[in-house]
Amino acid sequence: MNKKGYILKNGTVLSMDHTIGNVKQADVVINGSTIEAIGNDLQLDESAYHIIDASEHIIMPGLVDTHRHMWESLVRTAGTNWSLPVYLQNLYYGGLGSRLRPQDSYIANLLGALEALHSGVTTVLDWSMPYSPEHTDELIRGLQESGIRSVFALGVSGETEYWNRDSRLVISDAERVKKQYFTSQDQLLTMGLAIRGPEFSHWDTTVTEIGIARKLEAICSMHIGFGNWGAVDRSVTKLYEAGLLGSDLNMVHGNKMQTEEYKMLVDAGASLSVTPEVEMMMGHGYPATGFFLEQGGMPSLGVDVVTSTGGDLFAQMKFMLQAERARVNEEILNSGNMPGELNLLSQQVLEFATVGGAKALKLDHQMGQLTPGKQADIIMVSTSNLNTDLNVFPVIDPIGAVVQFCHPSNVDTVFVGGRLMKQHGQLVGVDIERVRRLVSESREYLDTQYVLSDAGRVIYS
């Protein structure tokens, strides 16, 4: 008989749904693409389902990455010593990104998406910078083939004629892309716009591109309010005064904004994507987690660039949590006191990486929580395999285990929309050798096109 779906039996459930809560031992039932039920002693014909033993596993929503430049998986590890200017010099403004062929864009996005899935990231916003419509098509093809849930945020190329404050060049391919690929809001891939915003293009260009995004009903994402110009430009204030802020705007970084600007974003329902590790490393400024929280917002999390850091959100949760704790602890120490209760909890950060990400991408009606009726975007974290899980065994606090102890190798099982993507620690249905061959071919080609800045990297004799 054809099976309806899966029953994940006897797992520790972190639902992120306040009505359901966390359950020490329960079953999660997947029927088709959605979650059918969560609980104990469910009255089901178990023979109609595939059974997965989830005992000694944590069952939770898939993680949501709201800001990643997916194609940069092709140059993974190149930028561990890059500041923001060195990064831009190497990858954009005539750098490596301009040398990509369409086929390189395809394999780059496929590789990046598979890395995300392997790491328990079931949804990602791909902040793209394609150089031609052909590149755009191939970036989308890579995401489609991977099976990940994604917002494909269409942008412009990384050339200087686009990325400067006088640029009046506007995203030109959006209507075609919408019509060709994004006819439904219920599909795995939905559309966003990756605009340069007022700090990287002419003001009129920003106004026009926000209008295009709204016409297409697409999330509109922009880098804003960071670096040494962030505090000076007051870009969010300008957007507020122009009546342009809204819940469809996704702001990225925001490290150097004014307190009242975080409040403007919160009041408008706009989201903030924090990429803590890259921000602290590259010189964006201190992560804005606490500043946004203090004004009533819920930040979301992003990896940003895998040139410089790993593509998993477990590390980003740790960076976010400890950076914000360190900021507040230092203030208390400077006042002559010792910190008592910590100001940010693991539970909150796990919410940012699931519920917060879903809300930022306006997908919270579909995913971000384990709730019957929502899409079955689910991961299972193994906690007792002593070959792979010594870092989390034994588990006293399952939330703390996920946020502060886990890494991608602990992710045993991944579902996206009820489709099994990873099981027993291995990606399902992926020809890894083919992926490896295509990646190697693209890397060999790119190595002949552009020499990356050394910037402290190991040079082999």
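Here is a quick tour of this predicted model, from its overall build to its two largest pockets.

## Overall build

Let's start with the fold as a whole. The chain packs in 14 helices and 17 strands. Its C-alpha trace spans about 65 × 60 × 55 Å along the principal axes. The radius of gyration is 22 Å, and a compact globule of 461 residues would come out near 23 Å, so the chain agrees with that expectation.

## Burial, contacts and surface

Of the 461 residues in the chain, 59% are buried, meaning under 20% relative accessible area. Sequence-distant partners show up a lot too: take the contacts between residues at least 6 apart in sequence, and 75% of them join residues at least 24 apart. On the outside, the accessible surface adds up to about 18300 Å², with carbon and sulfur atoms holding 51% of that.

## The largest pocket

The largest pocket holds about 320 Å³ of space. It has 23 lining residues, and the ones nearest its centre are Leu 84, Tyr 87, Leu 88, Phe 200 and Phe 226. Helices H1 (84-91), H6 (227-233) and H9 (276-282) are the elements that each give two or more residues to this lining. H1 is the top contributor, with 4 residues.

As for chemistry, the lining of the largest pocket breaks down into 14 nonpolar, 8 polar and 1 charged residues.

## The second largest pocket

Next comes a pocket of about 270 Å³, the second largest. Its lining has 11 residues, with Val 75, Arg 76, Thr 77, Ala 78 and Arg 443 nearest the centre. By class, that lining is made up of 6 nonpolar, 2 polar and 3 charged residues.

Terms used:
Residues numbered from 1 in each chain as written. Predicted model: local features only at pLDDT ≥ 70, side-chain atom pairs only at ≥ 80, totals over all residues. Heavy atoms only, no water. 1 Å grid on protein atoms, 1.4 Å probe; cavity = no way out; pocket = protein on both sides within 12 Å on 5 of 7 lines; lining within 4 Å. Points joined across faces, edges and corners; volume = space filled by probe spheres on them. Nonpolar A, V, L, I, M, F, W, Y, C, P; charged D, E, K, R; others polar. Rg over C-alpha atoms; globule rule 2.2 N^0.38 Å. Buried < 20%, exposed > 50% of the residue type's maximum accessible area, 1.4 Å probe, protein only. Contact = heavy atoms within 4.5 Å. Areas by Shrake-Rupley, 256 points an atom, 1.4 Å probe, with all protein chains shown as cover.
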